[in-house]
Amino acid sequence: MKKFIALSISLALSTPLFAENLRIFKCSEDGIPGQTEPQLMGFNISANGRYVCGTIDQGAGIFIADCLSGEVKWQSVGITSSELRGVDNYGLATGFIDDDGVLFSFLTDEMTPLRAPEGVRYVLGESLTNDGSMIVGSYTSQSFNTIAAYSAGGDEWFTLPYPSDEELGNLKYHISEMSAAKYVSADGKVILGHVGSFTFPVIWMLDDTGKYVPDCFPARYIKAAEEDLNDETKELYGLSGLYTCMSNNGKYVGAVGVVKNEEKDDYYTVPVIYNTEEKSLRIYRELMDFDDMVIGTYPRAIADDGTFIGAIGLPLTGGAGTFIMRAGEDMPELFIDAFPEYEKMLGESDMVGFSVPTGISADGKQILGYAFYSEDLYGGDSPAYFLTYVLSLDSTEDGVGLVNSDMHSISDSIYSIDGRKLDRMTKGLNIIRNTDGSVSKILKK
């Protein structure tokens, strides 16, 4: 395992631009990436909306930002690529630095390599439960196959079972025996990942015996073989494991499905949302009319009520805008129509596919993304760079966008019963010093 040598810098945010409901993350007052600070690309937001994490300078390092205090911490560490992909409610994030999985704590500034099992090349962290007690991801075998796995606190890793041929059905003819875990629910009972090399999504659910059982739901909906073509219960011609998302409560899973428009004799990519409790699938065919350029719509993150955000086309490679599909609604709204301050700041980038929505808080009130921004996008005189933004759907009376009120009870510091400062809650009694100055005690079993 490599020893990490890194530079850690913590700077305050400048005054948010267009602060009514849009927060721009910057590390310095002048905000000129490449000269005084890194470019920030936010990949994930904690369930409570307090912390965001991601990569700097397109893979050259990692960062975590605290939406409540406005503090940004980053480390320039990558040689080939480095990212933080998941963050819990206490500022503990996981991801990778080059070939090594890593945990990075906002509260302690400590970076800890994830220990790979014996005989394994390396481990990749992808997501954490809300309290950071469980990590999901994958490890890579000596033959470079990836295997879905989970761990309690980054110590011992356990393999998630690969679906049987019976569970895969006709999908088994299209995939290799690889897998990875990408998202985990708040309580660790539901895990979303993929089988093959991002070929099809798969869900693992904890049963009454304490074992994870795979639910390869795509097998019930995809026309994967010639004998499926006349099966009216299978409406999809494909279901990718590449662009997936899951709500924090584990109820909703979003993915990209391929459907056929019989009238136009054409194929579309549209969001599909799988309900893990009802084991039912909704196909958002109405987005075919919304996507007048016929380049596909892609879900990127989903809230606990089923509200999801996404993009038209693939951002940065031919996209044409970002959208929000609110729970219970029949048609989505474009970000540039739904959020006026976003349109003022990032409208130009959004319309040419240079804005990527990446995360949403559990309550749906905080939306994370990153955009390729310039004050004059086409003029060429002002610098262009990636910035991270958070749209707050709550705001105070004075118009300054804030995170939701539940976050004010989240702790700044966690201590053991003997007074040692911890980076996350551990089993036993935890002493919590909250941001409002109060102290509480939490018993974690």
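Here are four short exercises with worked solutions on this predicted model.

**Exercise 1: an open sheet**

Find the order of the strands in the open sheet of four strands, and work out which strands stand at the edges.

*Solution.*
- Step 1: Let's read across the sheet. The order is E2-E29-E28-E27, and the pairing is antiparallel.
- Step 2: Now look for strands with a single partner strand. These are E2 (22-25) and E27 (355-360), so each has one side without a neighbour in the sheet.
- Step 3: From one strand to the next, the twist averages 25°.
- Step 4: Zoom in on one pair. E2 and E29 (residues 385-392) run antiparallel and are joined by four bridges. For Leu22, the bridge partner in E29 is Leu391.

**Exercise 2: cysteines**

State how many disulfides the structure holds, then decide whether Cys27 is buried or exposed, and do likewise for Cys67.

*Solution.*
- Step 1: Recall the idea first. A disulfide is a covalent bond between the sulfur atoms of two cysteines.
- Step 2: The count of disulfides in this structure is zero.
- Step 3: Buried means under 20% relative accessible area. Cys27 has 1%, so Cys27 is buried. Cys67, at 2%, is buried too.

**Exercise 3: salt bridges**

Give the number of salt bridges in the structure, then examine the pair Lys279 and Asp215.

*Solution.*
- Step 1: Side chains of opposite charge can pair when their charged atoms come close.
- Step 2: The structure holds 13 salt bridges.
- Step 3: In the bridge between Lys279 and Asp215, the closest N and O atoms are 3.3 Å apart. This pair links distant parts of the chain, 64 residues apart: Lys279 is in the loop between strands E21 (266-275) and E22 (280-283), while Asp215 belongs to strand E18.
- Step 4: Check the accessibility of each partner. Lys279 is partly exposed at 41%, whereas Asp215 is buried at 8%.
- Step 5: For practice, try another pair. Lys234 and Asp228 meet in a salt bridge with an N to O distance of 3.2 Å. Lys234 is buried at 13%, and Asp228 is buried at 4%.
- Step 6: Finally, look for shared partners. Glu83, Arg85, Glu126 and Lys182 are joined into one network by such salt bridges.

**Exercise 4: a surface patch**

Name the residues that form a nonpolar patch with Tyr237, and locate Tyr237 in the chain.

*Solution.*
- Step 1: The patch consists of Leu229, Tyr237 and Tyr267, with about 280 Å² of accessible area together.
- Step 2: Tyr237 sits in the loop between strand E18 (212-215) and strand E19 (238-246).
- Step 3: Its relative accessibility is 31%, so Tyr237 counts as partly exposed.

Definitions and conventions: Residues are numbered from 1 along each chain as its sequence is written. This is a predicted model: local features need pLDDT of at least 70, side-chain atom pairs count only at pLDDT 80 or more; totals for chains, interfaces and linings use all residues. Side-chain values use heavy atoms; hydrogens and water are left out. Patches are made of residues with over 30% relative accessible area and no salt bridge: like charges are joined within 9 Å, nonpolar side chains (Val, Leu, Ile, Met, Phe, Trp, Tyr) within 5 Å. Accessible areas come from the Shrake-Rupley method with a 1.4 Å probe; for residues, only the protein chains shown count as cover. A salt bridge is a side-chain nitrogen of Lys or Arg within 4 Å of a carboxyl oxygen of Asp or Glu. Helices (H or I, at least four residues) and strands (E, at least two) are DSSP runs, numbered from the N terminus. Buried means under 20% relative accessible area, exposed over 50%, partly exposed in between (1.4 Å probe, protein chains only). Two strands pair if DSSP finds at least two bridges between them. Axes are lines fitted to C-alpha atoms, for helices over the stretch in contact, and angles run from 0 to 180 degrees between N-to-C directions. A disulfide is a pair of cysteine sulfur atoms within 2.5 Å.
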